[in-house]
Amino acid sequence: MSETIIAFDLYGTLLSTESIATELAKLFGNETSKTLATRARTLQLEYTWRSNSMNRYQSFSNVTRWSFRQATAELGLDLGPAEEERVMNAYNGLDTFPDADAGLRILAKEEAGSVSAYVFSNGDSSMLASSMSTSPALANASSVLPAGKVISVEPLRVFKPHPSVYDYLVGVTGKKDCPGDVWLVSSNPFDVCGAVAAGLRSAWVDRAGRGWLDGLANGTGNNPTMVHQQQSTAHQRQARTRIMCGIHAAISHNVSSPISGTLEANLRCRGPDHLGSLTISLPDNDSHLCVALTSTVLALRGNHTTAQPLLDQGSGSALCWNGEAWRIHGQPVTGNDSEFVLSKLVAASSHSKEAILNTLRAIEGPFAFVFVDKRNKSLYYGRDRLGRRSLLVKLESPFQLSSISDSSTTGWLEVEADGCYSISLTSNSFLSTVEPSRHDWDSNAELISALGIFNATVPKGLDRLTENVEAVGTLKNHLLQSLQYRVQGIPVPPGVNEPQASVAVLFSGGLDCTVLARLAHNLLPKDQQIDLLNVAFENPRIAAQHKDLDPEKLFELCPDRMTGRQSFAELIKNCPARTWRFVAVNVPYSVAMFHRNTVVSLIHPHNTEMDLSIAFALYFAARGQGLAQTSIDTEPTPYSATARVLLSGLGADELFGGYSRHGIAFERKGYEGLIEELRLDVGRLGKRNLGRDDRAMSHWSREVRFPFLDERLVKWAIELPVWQKCDFGNDPNGEKGVEAAKRILRLLARDLGLNAVALEKKRAIQFGARTAKMESGRTKGTTLISA
């Protein structure tokens with residue numbers, strides 16, 4: 001195996017320039033220093049690029065001095081010779097980023113001849129030597145980065161991203177004939193793009209946590225080989241406060257309406273770490289309205305639990321928030337997302353109702369919420385546009401909103417995910433049945449799920465979906481980005497050993513869930529275990545056909561159990577360094593019947609036999625109690641899952657044509673029929689039964705996450721030509737053994753080394769786990785649940 005070269009940019013990649021900002025703050029104050037530092041950095045880069053264009057090289061030290069001189073002059077600040085030297089000297093003694101320290105320690109343990117590390121910088125030789133020797137961490141890492149492996153562009157008299165500097169790097173490292181063996185690691189987009197254009201590989205370090213946004217690179221294809229998202233220590237500490245909740249709101253005249261003991265107990269199951277309540281009183285003529293808010297909290301990040309409901313002391317407004325705001329207005333949310341959402345909503349409430357609605361429309365992530373705008377006597381509520389979190393409404397007096405119903409009372413309805421809702425908090429609004437106002441997520445009616453316009457292009461000629469089609473790689477990148485938000489930074493619960501699982505996969509062994517498990521492996525620490533929860537039921541009808549078999553062997557005959565074990569073996573083969581734990585959740589008929597009333601109550605107001613059969617499987621899978629194995633031939637042992645986050649593959653069939661009806665639609669009407677069927681399915685995503693599923697699984701103090709239903713992935717899939725999703729027009733029975741349904745995902749599975757998984761047929765969960773028709777073989781899925 002040839003030696004791999006890793007060349008690190010220095011300033012902003014290995015070394016943090018925070019101390020330079022600190023020195024500027026001493027001279028000019030905190031606020032001015034931020035503006036000054038940003039402007040000086042912009043000028044510094046501009047000077048290097050102008051120098052390249054004009055062929056007028058100057059040392060990086062001079063470029064840096066001149067950038068600070070112009071920046072201070074523009075801001076009307078005085079930068080004398082002494083102050084200028086203080087700023088320049090701040091480049092000495094810089095601290096490394098935490099991930100840089102960790103990376104250097106790993107490199108120090110690498111076997112000689114496998115990896116060699118370098119520093120590669122715009123800095124001139126004297127500046128680099130000073131920074132390297134005065135940085136405590138880099139001085140201690142001299143065995144990994146000795147002086148002879150610190151490369152400056154100075155001999156070439158040009159700066160990055162001039163092509164010649166990367167040719168120079170390849171030559172100095174002895175890789176002239178193998179530039180692909182050289183990796184450039186940098187936090188500067190222009191640097192990694194320049195390296196890729198020159199034939200090197202690159203890793204971009206996303207210090208700001210905003211994701212890869214470079215328009216020129218996206219347009220020309222010179223994107224980094226990989227993206228590394230690193231959060232600052234403060235960011236990491238703040239990010240440990242995302243939570244899942246059970247929420248409830250009740251509005252009544254004059255007196256607060258307490259929730260029932262049963263409803264409070266159900267809410268506590270969803271959020272066992274905290275129970276909080278708050279009552280907001282709103283005077284109205286001769287009476288007043290009381291809005292009683294209740295929240296229970298399941299902490300998902302760290303030991304800190306954020307109490308809810310959240311109250312803004314200045315305005316008196318309050319928020320109950322259940323979910324995650326990954327991004328708002330396209331920018332990642334750092335710190336506590338519920339507090340951030342409340343601050344945005346309160347700020348918007350001082351402007352207009354439309355400002356509040358636009359803030360809600362800008363949130364990306366799964367959520368349900370209740371916001372009391374006390375300033376304007378209004379209440380807003382809703383679910384995200386894909387309906388990934390449960391929220392129910394009871395319109396009759398007393399008006400109520402809840403994550404879960406009290407099935408002893410009637411009138412509960414699912415809140416539709418087709419927009420957010422508002423009601424006026426005045427007495428006249430609550431005389432009998434409340435009539436909320438609905439507000440669209442987007443005014444463009446052509447958008448599917450308020451996200452994108454469905455691509456109805458019919459292929460012309462012999463367009464084929466193969467491994468080489470760009471869409472396969474794009475799908476992989478979208479899934480990785482979606483999974484980054486959903487699996488990283490989640491600690492194991494208190495009292496659990498650190499290497500154990502913080503994430504579990506609802507695992508039938510099918511295509512969707514196994515691809516998610518395989519990609520999660522790329523993102524989680526190598527010593528962290530991943531649980532694969534596989535559920536099988538004792539179905540009396542099937543048992544009657546196998547009277548000679550004991551119950552344990554009957555469980556192993558369930559279709560999902562057989563597929564699950566096969567895919568478990570394939571994951572072990574492909575990722576042997578990971579500890580995969582296959583958890584066989586076996587549910588005897590008597591146990592299922594013991595829990596029947598609980599499941600029926602949880603899924604209310606859904607009430608058909610199909611609802612119950614699906615909910616049974618999800619409920620017991622989320623319970624996570626079974627017999628566990630970490631290899632194929634080890635003896636199973638009793639186990640209860642520790643993970644509080646569950647991954648589900650739901651959404652892949654709707655997006656990429658995985659149902660049998662998609663193939664039937666193509667057979668009947670060709671691509672036009674297939675397009676229409678897919679358009680209907682994607683448009684119904686927000687009307688699917690995700691609220692029901694959320695209620696069934698969250699009962700066990702776990703949160704289910706749907707990586708295929710990330711807004712950006714869904715938008716991309718909506719706008720993707722149909723033949724790049726499910727290629728029924730070419731080899732419908734199998735392109736090299738890969739069938740047309742969800743072919744894009746099957747090709748990705750094969751690219752990931754999951755060859756057997758790529759061939760798996762679609763199977764509904766109620767048939768794979770054998771929860772369908774457990775009580776009667778004549779029961780139809782649409783039959784209402786009996787008492």
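## A helix, two cysteines, a loop and a cavity

The buried residues of helix α27 pack against four other helices: α15 (470-487), α16 (511-523), α23 (652-656) and α26 (711-718). This is a predicted model, so everything described here is computed from it.

Let us stay with α27 for a moment. The helix covers residues 743-751, and eight of its nine residues are buried, so the rest of the structure largely encloses it. The buried set consists of Arg743, Ile744, Leu745, Arg746, Leu747, Leu748, Ala749 and Arg750. After the helix comes Gly753, and the phi of Gly753 is positive, near 90 degrees.

Next, the cysteines. How many disulfides does a search of the whole structure find? The search finds zero. Cys245 is in no disulfide, and the nearest cysteine sulfur belongs to Cys320, 8.0 Å away. For Cys269, which is also in no disulfide, the nearest cysteine sulfur is that of Cys245, at 15 Å. A disulfide needs two cysteine sulfur atoms within 2.5 Å, so the 8.0 Å between the sulfurs of Cys245 and Cys320 does not qualify. Is Cys245 buried or exposed? Cys245 is buried, with a relative accessible area of 0%. Cys269, in turn, counts as partly exposed at 26% relative accessibility.

Here are the accessibility values for three residues in this report, including one that we meet just below.

| Residue | Relative accessibility | Class |
|---|---|---|
| Cys245 | 0% | buried |
| Cys269 | 26% | partly exposed |
| Asn455 | 16% | buried |

Where is Asn455? Asn455 sits in the loop between β21 (437-440) and α15. Its 16% relative accessibility falls under the 20% cut-off, so Asn455 counts as buried. The side chain of Asn455 makes a polar contact of 2.6 Å with the side chain of Thr457. Leaving aside residues up to four places away in sequence, Asn455 touches Ile718, Glu719, Leu720 and Pro721. Ile718 also falls within α26 (711-718), one of the helices that the buried residues of α27 pack against.

Finally, a look at the enclosed spaces. The structure has three cavities of 30 Å³ or more. The second largest of them holds about 40 Å³ of space. Which residues line the second largest cavity? They are Trp326, Pro366, Arg388, Arg389, Arg486, Val704, Arg705 and Phe706. This lining divides into four nonpolar and four charged residues, with no polar ones. Arg486, one of the lining residues, belongs to α15 (470-487), another helix that packs against the buried residues of α27.

Key: Residues are numbered from 1 along each chain as its sequence is written. This is a predicted model: local features need pLDDT of at least 70, side-chain atom pairs count only at pLDDT 80 or more; totals for chains, interfaces and linings use all residues. Side-chain values use heavy atoms; hydrogens and water are left out. Buried means under 20% relative accessible area, exposed over 50%, partly exposed in between (1.4 Å probe, protein chains only). Helices (H or I, at least four residues) and strands (E, at least two) are DSSP runs, numbered from the N terminus. Contact means heavy atoms within 4.5 Å. A polar contact is a pair of N or O atoms within 3.5 Å; within protein, one must be able to donate a hydrogen and the other to accept it, and residues adjacent in sequence count only if both atoms are side-chain atoms. On a 1 Å grid over the protein atoms alone, a cavity is a set of points where a 1.4 Å probe fits but cannot get out, and a pocket is an open set with protein on both sides within 12 Å along at least five of seven lines; lining residues have an atom within 4 Å of a point. Grid points are joined across faces, edges and corners, and a volume is the space filled by probe spheres set on the points. Ala, Val, Leu, Ile, Met, Phe, Trp, Tyr, Cys and Pro count as nonpolar, Asp, Glu, Lys and Arg as charged, and the others, Gly among them, as polar.
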